[in-house]
Amino acid sequence: MFDLISRYDVLGAFWVTIKLAASSAVLALILGTFVAAMRVSPVPVARFLGAAYVTIFRNTPLTLIIVFCSLGLYSTMGWKLAPEGPNSLAQNNFRYAVLGLSIYTAAFVCESLRSGINTVPMGQSEAGRSLGFTFTQNLRIVVLPQAFRSVIAPLGSVLIALTKNSTIASAIGVAEAATLMAKMNENEAALITIGFIFALGFVILTLPTGLLFGWLAKRFEVAR
């Protein structure tokens, strides 16, 4: 096992996985929060668009989204997310993988957050409106802080799923863990050992995340 690790850049591949998951998590959280706000908006058009977003992307295979981003937006339409250079292809593929993962995961963030919004007592929102808050102010100051505290554990599950879903980026050649695993399987006979190395790597990545979010959920849970 250690011989395989020394001959292949396993740590480097997992570092790409970490960067891919972290970048996608930040963008998915921002986008998912915005879509959740649309879902509870008093404007019917906004609610429709938010519901359409969740319905479309939650039910579309992630592989299809990422491949479309790379082959459709980048190769066919020529939309580039990275400047020209020797590593232009790798950088564009990485950024399009982040884009695809973010768009897909944002739908699940939205639904988790919307369930948290629904746990906030109606009187809290009414109190905000009585103070003259607009919908956006009410959501930002009163509702979302309580909603986030209610869904820390579900958001942790979404992040863990995102970390595992990052292996789909290998479909467009991003040099993350799954890509290296496929390369090692082609060149080595120790398939069980290779599988164990990468399974252990993902356990090391996801187990602390689950423990951390479980602790945060207990630490910041909302008393009812």
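The legends below walk through several close-up views of this predicted model.

**View 1. The whole chain is a helical protein.** The secondary structure comes to 10 helices and zero strands. Followed along the sequence, the pattern reads α-α-α-α-α-α-α-α-α-α. The C-alpha trace spans about 65 × 45 × 30 Å along its principal axes. Of the 224 residues in the protein, 40% are buried. The closer views that follow come back again and again to helix α5, which covers residues 88-119.

**View 2. Four charged residues share a network of salt bridges.** Here we meet R39, R58, E111 and R114, linked to one another in a salt-bridge network. The structure holds three salt bridges, and E111 takes part in a salt bridge with R39, in another with R58 and in another with R114. How exposed or buried is E111? With a relative accessibility of 17%, E111 counts as buried, because the cut-off for that class is under 20%.

**View 3. R39 reaches E111 from helix α2.** In this pair the closest N and O atoms are 3.2 Å apart. R39 sits in helix α2 (residues 10-39) and E111 in helix α5, so the salt bridge ties together parts that are 72 residues apart in sequence. Both partners, R39 and E111, are buried.

**View 4. R58 meets E111 from helix α3.** The N-to-O distance in this salt bridge is 3.8 Å. Distant parts of the chain are linked here too, with E111 in helix α5 and R58 in helix α3, 53 residues apart. R58 counts as partly exposed, because its relative accessibility is 36%.

**View 5. R114 and E111 pair within helix α5.** Which residue does E111 meet at 3.1 Å, N to O? The partner is R114, and the two side chains form a salt bridge. E111 and R114 are three residues apart in helix α5, so about one helical turn separates them. R114 has a relative accessible area of 25% and is therefore partly exposed.

**View 6. Helices α2 and α5 pack against each other.** Two packed helices are described by the angle between their axes and the distance between the axes. For α2 and α5, the angle is about 45 degrees and the axes lie 6 Å apart. That angle makes α2 oblique to α5. The crossing of α2 past α5 is right-handed. This is also the helix pair joined by the R39 and E111 salt bridge.

**View 7. Helices α3 and α5 form another packed pair.** Their angle is about 125 degrees, with the axes 9 Å apart. With that angle, α3 is oblique to α5. In which hand does α3 pass α5? The crossing is left-handed. The salt bridge between R58 in helix α3 and E111 in helix α5 links this pair of helices.

**View 8. Helices α4 and α5 cross at a wide-open angle value of about 140 degrees.** Helix α4 is made of residues 62-76, and its axis is 9 Å from that of α5. Are α4 and α5 roughly antiparallel or oblique to each other? They are oblique, because roughly antiparallel would need an angle over 145 degrees. The crossing of α4 and α5 is right-handed.

**View 9. A107 is a buried residue of helix α5.** A107 has its place in helix α5, and its relative accessible area is 0%, so A107 counts as buried. What separates A107 from F57 in sequence and in space? Along the sequence they are 50 residues apart, whereas their C-alpha atoms are 6.5 Å apart.

**View 10. A nonpolar patch lies on the surface.** For a last stop, we turn from the salt bridges to V43, V45, F48 and L49, which form this patch. Together these residues have about 400 Å² of accessible area. Among them, L49 lies in helix α3, which runs over residues 44-58. L49 counts as partly exposed, because its relative accessibility is 45%.

Notes:
Residues numbered from 1 in each chain as written. Predicted model: local features only at pLDDT ≥ 70, side-chain atom pairs only at ≥ 80, totals over all residues. Heavy atoms only, no water. Patch = residues over 30% accessible without salt bridge, like charges linked within 9 Å, V, L, I, M, F, W, Y side chains within 5 Å. Areas by Shrake-Rupley, 256 points an atom, 1.4 Å probe, with all protein chains shown as cover. Helix = DSSP H or I, 4+ residues; strand = E, 2+ residues; numbered from the N terminus. Buried < 20%, exposed > 50% of the residue type's maximum accessible area, 1.4 Å probe, protein only. Axes fitted to C-alpha atoms, helices over the stretch in contact; angles between N-to-C directions. Parallel < 35°, antiparallel > 145°, perpendicular 65-115°, else oblique. Left-handed = near helix turned anticlockwise from the far one by under 90°.
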